[in-house]
Each structure stands twice: as C-alpha cells, then as structure tokens.
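Work through the exercises below with the model open. Each task is followed by a stepwise solution.

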Amino acid sequence: MDRILAAGGVLWRYGLTGSVEVAGIYRPACDNWSLPKGKLDPGEPTLSAACREVYEETGHRAQPQAFLTSARYELSRAGGSVTKIVDYWAMRALEPTAPFVPNEEVTAHRWLSFDEATEVLDRPRDQEALQRFGALPTITATMILVRHAQAVTRASTDVARPLNAAGEERLTKLTPLLELYRPAKIVSATPRRCVQTISPLADVSGLSISPDEIFDEDIHLRNPERTTHRVRQLAGTHSTTVVCTHAPVISDTIAILADTDGVDVCNVDTDPGDAWVLSFTNRALVAVERL
C-alpha cells in the first residue's frame, strides 16, 4: 500500500502570563491554520524530519520531549487513495521570541493558548496531537538511556572491551538523534564500550562525559533501586541527560520507574546501540518511548 510519511510537533512555550502557548502556522494553499509538519526526505529519520519541519515552518529551534501520536488519514489520488502517516512530538521552543520569516508555504505564525489552539487548529489530526499534548503534565526533564553499541567478543577483562566495526557504524546514526535532544549532561557507565558509544555525542556537543559506576552492570545488580534513585536525581535538574549503560540496567530502571509511577511500558528489551527516552515532570516519570 502506498504511504506518505510526515512528521511535526506541538511546539510550546510559556507566555507572558506563565501559561503554556502552542505554535500555529497558516498555509495559504490550504487556507487553514495547523500544527507545523512536513514530509520526510529520503532516508531521513522521522524525529529529524519533525525537528527540521518545525524549524523551517516556525523559525524556532525545538527540543523534542515526548512522542504524542501517529495520525493516519487517507488522501485521494488518481486511481485510488494513499495513506498519510504523521508522527507528532511535544517540543519545547528553545528561543521563544525568535523572529518568524514568512515564505511561500507558510505566511503567518501565531502563539495560541491551549484553548485557542483547540478551536483554531481544527483538523482531526491536529486535534489528536493537541489532546495527547494536553493530557501530559508539563515536562521538566528528559532522560535518554542508551545501551552501549556492539563490542568485540567478551574476554577476561570485560571492562576494557572496545566497540567492534558494527558498533562504530551504529554511532553514525545514533549520535545525530541524541544531538536533537540538546543534552545538558552526559553520563556513562565506566566500561570502555559505554564511554566509546557516547564519545561522539560529547565531541559534537562540547560536553564532557561524567563517569558514574552506579550505572555499571555489576554494581547495579547489587541494588537496582539505587540506580533508579540516581535517575530521579538527574531528572530533578530540570534538563536533558544522556546516560550510556547496559541492557539489564536499562530494563530494570524503566520497569521500576514505570511500575512506581503508573506508566505503561510493554517490552523493555534493548538492542546494542538503541535507546529509550524517558520524560519526567519534576522527578516523576510521565512518558516512555523507544528512540
């Protein structure tokens, strides 16, 4: 079946009164106000497209916070129809007062209160994303838990194992996705393969890597609750932190947090070089998604 893939976001900021405002854009070709979104370029990751489209259509650089919904609808085409799928994320505006520059596709931009947005942005797919956004408490911190990429075969000195060629190749796709979240802190378990996995992100972001043995697999297994407590501590900084660690640490931590805070998570298995995005309100987990 033919499909058109697109992505966008509910871009928000705090208004002058301290209430949340949502970005709406006007497309003259459609004569309507909508959320910013657009089609993926060939080979482009969906999240990358969402951030790019939000910037191109609003002039605002955005920090993704939580996945909202995947909206589907049918478009008429000669000889039949095609399914369009639009993935939406909640995104915080990094420069809330950045100027808007009109172009041929988008000629106007407005900041709307949530109630105004539900009236003005009246297309069903926008309403679906807005309602998911409205159901979330304001996200104050994001934690990304990364499993180290594939390493060479286990040897007697496990802590010193480096990444293999497949692991190094995986970083070319992983690092740009992590960079989209604009981390303020990078933390790593102490084994070499964990530090190697997160080093390219440190290089592009200009951040140093903070080693933390609490995220080492052997130490974590002695007291999994201590690892969860450390994650909540990091969430309390109200910023974005990337942590590179091991599969059992990730699965235990997500399971404990989700069970304690009442968040549904189905399968927390994590392949080498994959990651999870955890969204927090203060220190409480409110959403989990696989990156």
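The model is predicted.

**Exercise 1.** Describe how helix α7 packs on helix α8, and name the residues that meet.

*Solution.*
Step 1. Take the geometry. Helix α7 spans residues 224-235 and helix α8 spans residues 247-261. Their axes come within 9 Å and cross at roughly 70°.
Step 2. Classify the angle. Angles from 65 to 115 degrees count as roughly perpendicular. α7 and α8 are therefore roughly perpendicular to each other.
Step 3. List the contact. α7 contributes Pro224, Glu225, Thr227, Thr228, Val231 and Arg232. From α8 come Val249, Asp252, Thr253, Ile256, Leu257, Thr260 and Asp261.
Step 4. Sort by class. The contact of α7 with α8 holds five nonpolar, four polar and four charged residues.

**Exercise 2.** Do the same for helices α4 and α5, and give the handedness of the crossing.

*Solution.*
Step 1. Take the geometry. α4 covers residues 165-179, and α5 covers residues 192-205. The axes approach within 9 Å and cross at roughly 45°.
Step 2. Classify the angle. This crossing makes α4 oblique to α5.
Step 3. Assign the hand. The crossing of α4 past α5 is right-handed.
Step 4. List the contact. On α4 it is made by Glu168, Leu171, Leu174, Thr175, Leu178 and Glu179. On α5 it is made by Gln196, Thr197, Ile198, Pro200, Leu201 and Val204.
Step 5. Sort by class. Seven residues of the α4 contact with α5 are nonpolar, three are polar and two are charged.

**Exercise 3.** Characterise the largest pocket: its volume and its lining.

*Solution.*
Step 1. State the volume. The largest pocket has about 450 Å³.
Step 2. Find the centre. The lining has 22 residues; closest to the centre are Arg27, Lys37, Gly38, Glu57 and Lys84.
Step 3. Map the elements. At least two lining residues come from each of β1 (3-14), β3 (32-34), β4 (37-39), α1 (46-58), β5 (62-77) and α3 (124-135).
Step 4. Sort by class. The lining comprises twelve charged, six nonpolar and four polar residues.

**Exercise 4.** Which residues does Thr281 contact, beyond its neighbours within four places in sequence?

*Solution.*
Step 1. Place the residue. Thr281 lies in strand β12, residues 275-281.
Step 2. List the contacts. Thr281 touches Pro137, Thr138, Ile139, Thr140 and Val286.
Step 3. Check one pair. Thr281 and Thr140 are 141 residues apart along the chain, yet their C-alpha atoms are separated by 5.0 Å.

Notes
Residues numbered from 1 in each chain as written. Predicted model: local features only at pLDDT ≥ 70, side-chain atom pairs only at ≥ 80, totals over all residues. Heavy atoms only, no water. Axes fitted to C-alpha atoms, helices over the stretch in contact; angles between N-to-C directions. Helix = DSSP H or I, 4+ residues; strand = E, 2+ residues; numbered from the N terminus. Parallel < 35°, antiparallel > 145°, perpendicular 65-115°, else oblique. Left-handed = near helix turned anticlockwise from the far one by under 90°. Contact = heavy atoms within 4.5 Å. Nonpolar A, V, L, I, M, F, W, Y, C, P; charged D, E, K, R; others polar. 1 Å grid on protein atoms, 1.4 Å probe; cavity = no way out; pocket = protein on both sides within 12 Å on 5 of 7 lines; lining within 4 Å. Points joined across faces, edges and corners; volume = space filled by probe spheres on them.
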